[in-house]
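Work through the exercises below with the model open. Try each task before reading its solution.

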Amino acid sequence: MYPKEMEKSIRKVEATREERLHKLPERMSEKERQEVLQKWHPDYKPEAKRKLKIGVSKGSIVPHEVADLIEAYPLIKPEEIDLSQVDYDVDVLIIGGGGAGTAAALFAYYNGIKPENILIATKLRHGDANTMMAQGGIQAADKENDSPIIHYLDVIGGGHFANKPELVAKLVMDAPSIIKWHEELGIMYDKKEDGEMITIHGGGTSRKRMHSAKDYTGMEIMRVLRDEARNIGIPVLEFSPAIELLQDDDGKVAGALLYNLETEQYYVAKAKATILATGGFGRLHIQGFPTTNHYGATFDGAVMAYRLGARLRDMDSVQYHPTGVAYPEQIVGLLVTEKVRSLGAQPVNADGEQFVHPLEARDVEAAALIRECYGRKKGVVTPTGMQGIWLDSPMIDIIHGEGTIEKRLGAMFRMFNRFGIDMREEPILVFPTLHYQNGGIEIDAEARVLGKNNVIQGLFAAGEVEGGVHGKNRLMGNSLLDTQVFGKIAGINSAKYAKKAKIGKLSLKHVNRYIEELRKAKIKEERKAPIIFPDYRGEQVLSRAIDIL
Amino acid sequence: MQLANIQGEKMEIAYYPGCTLKTNAKEFEESTIEAFKKLGIELKELNKWYCCGTVYSLATDNLMYRLAAIRNLIKVKEEGYDKVVTLCSICYNTLKQANLMAQQDEEAMYKINSFMDEEPDYHGEVEVLHPLEILKGMEEKIKENVVKPLNKKYAVYYGCLLLRPKEVAIDEYENPSVMEKLVEMLGGSVVNFPFKNECCGAYNVVSDREAVVERCYRIVGNARKNGADAIVTSCPLCHFNLSEMQKEIKKTDFVGLPIYYFSQLMVEAFGGRKCKEK
Amino acid sequence: MQRKMKMVRIYIMGKEYRVPEGLTIMKAMEYAGYRYIRGAGCRAGFCGACATVYRKEGDYKLYADLACQTTVEDGMYLVQLPFTPANKAIYDLEKIKADDKTLVNFYPEIARCVSCNTCTKACPQELDVMDYIQASLRGDIAKAAELSFDCIQCGLCALRCPAEIVHYHVAQLARRLYGKYLAPKAKHLEKRVKEIEEGKFDAELKKMMKKSIEELRKMYNARDIEPEEEMPTESD
Ligand SMILES: Cc1cc2nc3c(=O)[nH]c(=O)nc-3n(C[C@H](O)[C@H](O)[C@H](O)COP(=O)(O)OP(=O)(O)OC[C@H]3O[C@@H](n4cnc5c(N)ncnc54)[C@H](O)[C@@H]3O)c2cc1C
Ligand code: SF4
Ligand code: SF4
Ligand code: FES
């Protein structure tokens with residue numbers, strides 16, 4: 001079901017397939033990697049970024065889209081908010097109902113907090129989150145030929161040595177026990193008949209340690225954690241995002257201001273400990289890229305925490321996944337999981353030629369694809385003018401036997417099949433897409449959020465919203481792991497903290513201070529944040545929209 | 001019932017298990033399959049089958065409740081068979097009645113066929129059989145296979161679902177004799193048993209357990225009084241009620257009896273596993 | 001590059017809008033001016049937030065699909081179903097058993113299934129929904145888990161079922177029972193967890209954490225990579 005022009009190129013791909021089955025391009029040397037990144041990776045374009053004008057991380061370089069939200073005014077006027085009437089009063093408030101948030105809630109419960117004293121507030125439904133979408137897998141060094149040490153080296157090297165060592169240490173050492181916990185909860189990891197986990201490589205791994213549940217790994221984890229939270233009876237407020245954090249009079253974090261998207265009223269949620277688990281920022285469409293992320297991935301958590309003095313780190317680097325859908329138009333930007341390459345599909349250009357090893361680290365792979373299209377002009381052009389590279393998916397069944405695609409890549413197969421493309425028979429077209437927030441709010445190994453030169457009391461963070469774990473580049477399978485490991489740590493430590501904490505009078509003074517800072521920096525009052533959702537309404541409609549109700 | 005075409009040396013018939021056979025009556029399934037194998041008949045479980053829909057289907061005119069039965073019959077046809085055997089009396093009754101409807105009620109079948117537009121049309125082409133019906137035509141073969149004749153006395157218990165309504169009865173519906181004949185062919189003797197087609201209480205076990213226990217007391221007690229060493233049945237529900245409810249009888253004069261499926265007796269007589277003494 | 005936009009008519013809850021052809025229902029609704037609060041989650045076919053039912057002109061059938069994964073057609077009448085009322089059984093997985101009665105005990109209504117197959121026809125994932133309910137009914141947990149694995153819990157089956165079954169909750173329990181009790185345990189995992197608890201890697205990890213970037217870089221570039229058995233290469 002490809003247009004004729006594209007079919008012609010597919011014939012060339014088919015012609016070279018047999019030969020390609022037996023050889024792979026060399027992996028790049030350090031020097032080659034640097035070259036292709038410098039010249040072709042979107043992150044290496046200085047004009048796409050600027051220095052932050054205000055706040056704790058003033059002077060650090062971030063994408064314009066991020067700076068726009070940091071340098072934006074709050075949605076509320078603090079003086080209009082009545083904090084004396086408390087709607088929810090809990091021990092642990094968790095902001096964000098994805099994988100990190102739900103794991104945190106469960107571990108807060110395991111560590112002695114009663115379900116009714118926990119509250120998850122989330123923007124969409126419980127589980128409508130990036131976690132639900134993760135396909136490929138989760139890393140853990142649990143095989144004989146592997147070890148947490150080797151995992152450590154992979155993470156650090158993959159992150160260009162910019163990671164925080166103590167966070168990486170936690171990540172790799174806790175990984176096996178997380179998978180074990182999952183097994184006990186009944187998560188159906190792919191296993192061999194004797195129970196051995198089926199594990200494969202991911203980009204940048206030196207051992208096969210990617211555990212998966214078909215290509216619905218995140219969904220399987222998410223739906224089981226959610227089911228468990230429901231069994232325990234942990235309350236969840238859906239469609240009620242946090243729009244600002246709260247402090248008490250001596251500066252401890254004391255909950256959040258929530259906003260009921262349907263009734264448009266605010267709630268005061270007071271909490272002894274607060275965990276930020278709001279995920280990433282794909283829906284900011286950095287540099288105009290399409291994204292793989294869910295609808296609510298809009299950087300809210302970091303915006304709120306920054307106003308309160310939280311440090312940001314590694315926000316200069318953005319992860320573009322090398323393989324987003326480039327055709328058909330309806331699903332452009334959606335993820336083609338790395339597992340497609342792990343299982344043997346090779347990237348090839350319009351002439352059917354190989355040009356890069358399929359499993360370079362993500363940034364290198366993405367840059368190589370962009371170079372092939374725009375540098376060497378060997379991309380495939382779609383009817384809408386988009387460029388793409390073939391991923392030769394039929395190779396998978398040739399290598400692993402008929403039925404592999406349907407069985408192990410069911411989600412991918414289904415997605416393309418819905419639009420009339422059978423990836424068992426024909427290759428699929430891909431191009432890099434905005435995927436992951438590498439950096440974020442800085443935490444310590446206890447998942448406590450760090451301010452300018454101190455720990456911010458009462459605030460914890462886990463998952464994609466925090467930075468430091470992955471340095472400048474996250475490897476596949478380490479972020480699901482991140483959500484679980486740091487979700488667990490945040491859950492445990494928030495429970496400990498909440499048992500002792502005493503909350504004073506609630507306040508929004510930090511928001512007032514931030515507004516002053518914005519004004520001092522002469523930032524005009526034209527942008528507000530957090531944005532909660534992107535706005536995709538048609539231009540025609542927006543140009544005539546008025547607000548009267 | 002003519003079964004001329006089941007006389008061959010070896011043949012395959014589609015086998016519809018039903019849910020009960022997979023949960024509460026596994027020994028009925030195993031023994032039947034084994035006994036039939038000896039007789040040269042392979043019972044092949046359908047690749048796809050659905051709960052027959054029983055509980056509701058018997059009580060209402062609502063066509064919705066016939067879908068399950070018809071869908072199963074369509075699967076039989078689709079998988080290339082023209083006969084299907086089912087062991088459970090409830091499933092048998094439901095499938096057989098639905099099949100009758102399929103053969104006779106054109107209007108109903110028009111509706112059902114157009115509702116199930118994803119399936120091929122069905123008009124009653126498949127034959128629904130109970131194993132006892134098949135055994136009726138196989139006297140020779142059965143006798144040939146007996147190596148360890150039974151030498152006990154049995155009370156034969158049919159229950160009601162294989163006999164009522166009479167259009168679907170596997171035998172003379174007021175005075176059936178197929179199981180008696182079978183027991184005798186296997187070398188056992190049959191005691192007089194007036195309760196043989198009395199209802200066991202069926203699903204009342206859920207709503208009025210006491211009544212079912214009482215009924216069980218009468219049925220089992222009578223069999224014993226008439227000299228039986230065991231009761232033979234053909235229905236998983238009867239089996240369940242008679243064997244489980246016995247345990248709840250508190251009267252001191254009561255001594256229980258083991259309950260067997262007819263197929264277990266066959267296996268025993270054919271030299272296989274012996275029936276458990278209780 | 002410039003394409004002439006061909007427009008199609010769609011009816012959102014009965015109101016006509018003209019939208020460019022080739023959009024998904026989700027994007028078409030946004031083009032028409034709707035801004036989602038409910039009804040959109042992952043936007044990629046994984047979360048089940050965007051369940052939609054529609055009819056086409058001149059066709060009696062009621063179709064069910066995902067707004068984010070379905071292309072608009074001219075003359076489509078549609079509405080999204082942002083929520084499915086459904087009761088989930090509450091259980092402590094540690095305390096229940098995976099036997100052939102477990103599913104029907106927690107969800108006795110599965111015995112009401114009349115095999116109408118409506119659920120299967122409604123499923124946007126094209127799962128054999130009726131089959132997994134039937135497997136649940138006869139206590140075949142492994143089969144129910146396998147057949148339902150790709151369920152995104154969109155609720156369309158449950159909204160259409162005349163027997164008022166909540167399929168996806170039944171399936172969730174089946175899968176957890178399977179994962180916990182029926183799937184074989186990973187022994188190497190248990191072993192590694194124990195090794196870590198016993199501190200086997202602590203000393204080496206400490207050393208690693210103290211290494212300079214230069215040392216690490218050297219180690220990283222020299223690390224040996226486990227070969228792909230299926231695809232022998234000379235290059236790694
Ligand atoms: C398509 C895709 C595929 C991926 N594949 C993999 C993979 O194979 N392996 C891997 O390891 N990683 C993968 N990732 C990355 C990984 O899934 C995510 O990084 C991780 O799941 C993030 O989890 P989280 O809990 O931090 O955030 P999320 O799962 O995104 O959860 C955050 C939640 O917070 C909510 N929220 C946002 N703002 C607010 C607010 N203001 N108030 C309240 N709630 C809010 C969000 O709506 C969401 O529900 C993938 C990501 C995507 C998008
Ligand atoms: S829709 Fe309900 S009644 Fe019909 S087949 Fe599915 S589960 Fe059974
Ligand atoms: S089984 Fe039901 S809930 Fe699951 S995807 Fe299909 S229709 Fe949706
Ligand atoms: S929005 Fe998640 S499935 Fe459509």
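This is a predicted model.

**Exercise 1. Describe how helix 7 of chain A packs on helix 8 of chain A.**

Solution.
- Step 1: locate the pair. Helix 7 of chain A covers residues 165-185, and helix 8 of chain A covers residues 217-232.
- Step 2: choose the descriptors. Two packed helices are described by the angle between their axes and the distance between the axes.
- Step 3: apply them. The axes of helix 7 and helix 8 of chain A come within 11 Å and cross at roughly 65°.
- Step 4: assign the hand. The crossing of these two helices of chain A is left-handed.
- Step 5: list the contacts. Helix 7 of chain A contributes Trp181(A), His182(A) and Leu185(A). Helix 8 of chain A answers with Ile221(A), Val224(A), Leu225(A) and Glu228(A).
- Step 6: sort the contact residues by class. Five are nonpolar, one is polar and one is charged.

**Exercise 2. Characterise the contact between domain 1 and domain 2 of chain C.**

Solution.
- Step 1: set the bounds. Domain 1 of chain C is 7-78, and domain 2 of chain C is 102-182.
- Step 2: place the centres. Taken over C-alpha atoms, the centres of the two domains of chain C are 26 Å apart.
- Step 3: count the residues. Eleven come from domain 1 of chain C and eight from domain 2 of chain C.
- Step 4: take the area. About 680 Å² is buried between the two domains of chain C, with 67% from carbon and sulfur atoms.
- Step 5: find the main contributors in domain 1 of chain C. Leu62(C), Ala64(C) and Leu66(C) lose the most area to domain 2, together 45% of what the domain 1 side buries.

**Exercise 3. Do the same for chain C against chain B.**

Solution.
- Step 1: count the residues. Chain C gives 19 and chain B gives 18.
- Step 2: take the area. Chain C and chain B bury about 1600 Å² between them, and carbon and sulfur atoms give 51% of that.
- Step 3: rank the chain C side. Val114(C), Ser115(C) and Arg138(C) supply 34% of the area that chain C buries against chain B, more than any other three residues.

**Exercise 4. Which residue classes make up the shells around ligand 2 and ligand 3?**

Solution.
- Step 1: take ligand 2. It has 13 residues around it, the closest being Cys113(C), Cys116(C), Asn117(C), Cys119(C) and Cys161(C).
- Step 2: classify that shell. Around ligand 2 there are nine nonpolar, four polar and no charged residues.
- Step 3: take ligand 3. Its surroundings include Cys123(C), Cys151(C), Cys154(C), Cys157(C), Tyr132(C) and Tyr168(C).
- Step 4: classify again. The shell around ligand 3 has nine nonpolar, three polar and no charged residues.

Methods
Residues numbered from 1 in each chain as written. Chains lettered and ligands numbered in written order. Predicted model: local features only at pLDDT ≥ 70, side-chain atom pairs only at ≥ 80, totals over all residues. Heavy atoms only, no water. Near = heavy atom within 4 Å. Nonpolar A, V, L, I, M, F, W, Y, C, P; charged D, E, K, R; others polar. Axes fitted to C-alpha atoms, helices over the stretch in contact; angles between N-to-C directions. Helix = DSSP H or I, 4+ residues; strand = E, 2+ residues; numbered from the N terminus. Left-handed = near helix turned anticlockwise from the far one by under 90°. Contact = heavy atoms within 4.5 Å. Domains from an automatic or database assignment. Buried area = accessible area lost by both parts, 1.4 Å probe.
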